[in-house]
Amino acid sequence: MDCSSTRVLQAVPGANFTVYAYFSDGTIHLLDAKPLIEKGGVFSALSDEEFFSSRLTVMNDTVAWDVSGTRDAAQCIDLDPWALYQDTPVVSDPLQDVA
């Protein structure tokens, strides 16, 4: 997959500051966001578990957190989808066993 077609279609919060990113090619990648949170700065808002889970969304075709709560793409924390695709492991769908 080339970087121009790497798009996240869905983002689902997991346990302990993880995110399941569902990509347009059908793969699911698992992001451990703890190292980002530890960097601080813009990522410090993600250290609140409620904020982390409730504001997680897809914006700009990637995993993002809606900081303002207004779905303004200019006021979100978003991750590079290509780096997310390359640097995170592919996992099985955590939702497949949910009834």
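1. Two strands are said to pair if DSSP finds at least two bridges between them. In this predicted model, β2 and β3 meet that condition, with 5 bridges between them in the antiparallel sense. At one point along this pairing, A21 stands opposite H29 in β3.

2. The overall plan of the chain comes next. Its secondary structure consists of 3 helices and 6 strands, and along the sequence these follow the pattern β-β-β-α-α-β-β-β-α. The radius of gyration is 13 Å, close to the 13 Å that the globule rule gives for 99 residues, so the chain is as compact as a globular protein of that length. The C-alpha trace spans about 30 × 30 × 25 Å along its principal axes. Of the 99 residues, 37% count as buried. Among the contacts with a separation of 6 or more, 42% come from residues 24 or more positions apart.

3. One sheet is open and has 3 strands, in the order β1-β2-β3, with antiparallel pairing. The edges are taken by β1 (8-13) and β3 (28-32); each has a single partner strand, so one side of each is left without a neighbour in the sheet. On average, neighbouring strands of this sheet are turned by 25° against each other, direction ignored. Strands of a sheet pair through backbone hydrogen bonds, either parallel or antiparallel.

4. T18 belongs to β2, which covers residues 18-23. Is T18 buried or exposed? Its relative accessible area is 12%, and buried means under 20%, so T18 is buried. The T18 side chain also reaches the backbone oxygen of A15, at 2.7 Å. Leaving aside residues up to four places away in sequence, T18 touches V12, P13, L30, L31, D32 and F52.

5. Which residues of the largest nonpolar core touch the most other members? They are V19, L46, F52, V63 and W65, out of 21 residues in that core. At least two core residues come from each of β1, β2, α1 (34-39), α2 (49-54), β5 (62-66) and α3 (81-87). The most is given by β2, with 3 residues. As for V19, its contacts beyond four places in sequence include A11, V12, G14, H29 and L30. F52, L56, V63 and W65 are also among the residues that V19 touches.

6. Further along the chain, β4 and β5 run antiparallel and are joined by 4 bridges. Their hairpin has 2 residues between the strands, and N60 takes a positive phi near 55° there. Across this pairing, M59 stands opposite T62 in β5. On the β6 side, β5 pairs with β6 (residues 76-78) in the antiparallel sense over 3 bridges, and D66 stands opposite C76 in β6. In β5, 5 of the 5 residues are buried, so the strand is largely enclosed by the rest of the structure.

7. M59 deserves a separate entry. This residue is found in β4, which covers residues 56-59. Its relative accessibility is 5%, and M59 counts as buried. Outside the residues up to four places away in sequence, M59 touches A64, D66, R71, D72, A73 and C76. For one of these, R71, the C-alpha atom is separated from that of M59 by 8.0 Å, although the two residues are 12 residues apart along the chain.

Terms used:
Residues are numbered from 1 along each chain as its sequence is written. This is a predicted model: local features need pLDDT of at least 70, side-chain atom pairs count only at pLDDT 80 or more; totals for chains, interfaces and linings use all residues. Side-chain values use heavy atoms; hydrogens and water are left out. Buried means under 20% relative accessible area, exposed over 50%, partly exposed in between (1.4 Å probe, protein chains only). A polar contact is a pair of N or O atoms within 3.5 Å; within protein, one must be able to donate a hydrogen and the other to accept it, and residues adjacent in sequence count only if both atoms are side-chain atoms. Contact means heavy atoms within 4.5 Å. Axes are lines fitted to C-alpha atoms, for helices over the stretch in contact, and angles run from 0 to 180 degrees between N-to-C directions. A nonpolar core is a set of buried Ala, Val, Leu, Ile, Met, Phe, Trp, Tyr and Cys residues joined through side-chain atoms within 4.5 Å. The radius of gyration is taken over C-alpha atoms; the globule rule is 2.2 Å times the number of residues to the power 0.38.
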